[in-house]
Amino acid sequence: MPLLNLTDVTVSYGQTPVLFNVDMAVEKGEIACILGRNGVGKTTLLRSVIGLNKVMSGSIVFDADEITKTPTYLRARYGISFIPQGREIIPYLSVLDNLKLGMTAAKNKPKKISEEIFEFFPMLKQHLKRQGGLLSGGQQQQLAIARGLLSNPKIMLLDEPTEGIQPSIVQEIEETLKRINREKGITVVVVEQKIDFARQLAQKFFIMEKGSVVANGHTADLTDALVHKYLAV
Ligand SMILES: Nc1ncnc2c1ncn2[C@@H]1O[C@H](COP(=O)(O)OP(=O)(O)OP(=O)(O)O)[C@@H](O)[C@H]1O
């Protein structure tokens, strides 16, 4: 059984439907990417999985539990972590306090930040007392991923983690996500615009167009023809 399974999911903003009959299955331990041009519904899809957008019809099953109507804070406790577009670091809180926010979402709330976090993100240890808003974009993205990891998730959903970030940090983020996946067995779903990053990171892809999944498969089969048809601008 897939870890995350969306069946026939439809989502609207007011009267305007944005996702139509979306089917998507992500297996435990895999890294999947969701691709598509601007405005096709990728963010809405991730927000629906964590419960920030209401599903009008269809079902979302996570780790054998039906969660379609489950409130967001419970989905977080079940093990879904969402790292939003734009990172949403609290600018006036210290790096340490931003990290602690992640722990509040966990099921068994840890008492302190485990050293493991700094093995994945050594940079954060040097900046614990700094205000989150003073970090660079790339550092804030790493803080957002670390905060997401502190909720002790089974799956991490990341919305455009490389947006506006310099290439060397993009590379670092790719390697860290692979390590988190490999060493902790955490399933990863990434919405991405950078095709090369997606190809290198993920084993599986889903392409969306106009609110529907129109192609999916192994990233080895993400051909230039598919990229040209659905992703080229
Ligand atoms: N809060 C909202 N109210 C109304 N419509 C919205 C809202 N948020 C998004 N939309 C619309 O829903 C559609 C899907 O948007 P969404 O942000 O999910 O797409 P996306 O693929 O993530 O785009 P991008 O790559 O630009 O982030 C778009 O037509 C967008 O204008």
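Here is a short conversation between a trainee and a mentor about this predicted model.

Trainee: How should I read the numbering and the predicted model?
Mentor: Residues are numbered from 1 along each chain, as its sequence is written. Local features need a pLDDT of at least 70 and side-chain atom pairs count only at pLDDT 80 or more, whereas totals for chains, interfaces and linings use all residues of this predicted model.

Trainee: What is the mean pLDDT of the chain?
Mentor: pLDDT is the predictor's confidence in each residue, from 0 to 100. In this chain, 100% of the residues reach 70 or more. The model scores ipTM 0.95 and pTM 0.95. The mean pLDDT of the chain is 93.

Trainee: Which element of the chain has the lowest mean pLDDT?
Mentor: Elements here are DSSP runs numbered from the N terminus: helices (H or I, at least four residues) and strands (E, at least two). Strand E8 (residues 187-191) has the highest mean, 98. The lowest, 90, belongs to helix H9 (residues 224-231).

Trainee: Which residues does UniProt list for "domain: ABC transporter"?
Mentor: The listing comes from an unreviewed entry; UniProt positions are given in the numbering used here, feature names are shortened, and annotations may be inferred rather than shown by experiment. In the model, that span is 36% helix and 27% strand, with its end C-alpha atoms 30 Å apart. The entry lists residues 4-233.

Trainee: Which helix gives the most to the shell around the ligand?
Mentor: A residue is near the ligand if its C-beta atom, placed from the backbone, lies within 6 Å of it. The surrounding residues include Tyr13, Val18, Asn38, Lys42, Thr43 and Thr44. The shell divides into 3 nonpolar (Ala, Val, Leu, Ile, Met, Phe, Trp, Tyr, Cys and Pro), 1 charged (Asp, Glu, Lys and Arg) and 6 polar (the others, Gly among them). With 3 residues, the top contributor is helix H1 (residues 42-50).

Trainee: How many of the residues of H6 are buried?
Mentor: A residue is buried if 20 or more other C-beta atoms lie within 10 Å of its own, exposed if 12 or fewer, and partly exposed in between, with C-beta atoms placed from the backbone. Among the buried residues of H6 are Leu143, Ile145 and Arg147. They pack against several elements, including strand E6 (80-83), helix H3 (95-104) and helix H7 (167-184). The count is 12 of 13.

Trainee: How far apart are the end C-alpha atoms of helix H6?
Mentor: The expected span is 1.5 Å times one less than the number of residues. For the 13 residues of H6 (residues 137-149) that rule gives 18 Å, so the model agrees with it. The end C-alpha atoms are apart by 18 Å.

Trainee: Is Ala64 buried or exposed?
Mentor: Ala64 sits in the loop between E4 and E5 and has a positive phi of about 75° although it is not a glycine. Most residues other than glycine have a negative phi. Asp63 lies in the loop between strand E4 (55-62) and strand E5 (65-66), and its phi is near 50°. Because Ala64 has 9 other C-beta atoms within 10 Å, Ala64 is exposed.

Trainee: Which residues is Ser59 in contact with, leaving aside its neighbours within four places in sequence?
Mentor: Ser59 lies in strand E4 and is partly exposed, because it has 14 other C-beta atoms within 10 Å. Contact requires C-beta atoms, placed from the backbone, within 7 Å. With those neighbours set aside, the contacts of Ser59 are Thr7, Glu66 and Thr68.

Technical notes. Contact = placed C-beta atoms within 7 Å.
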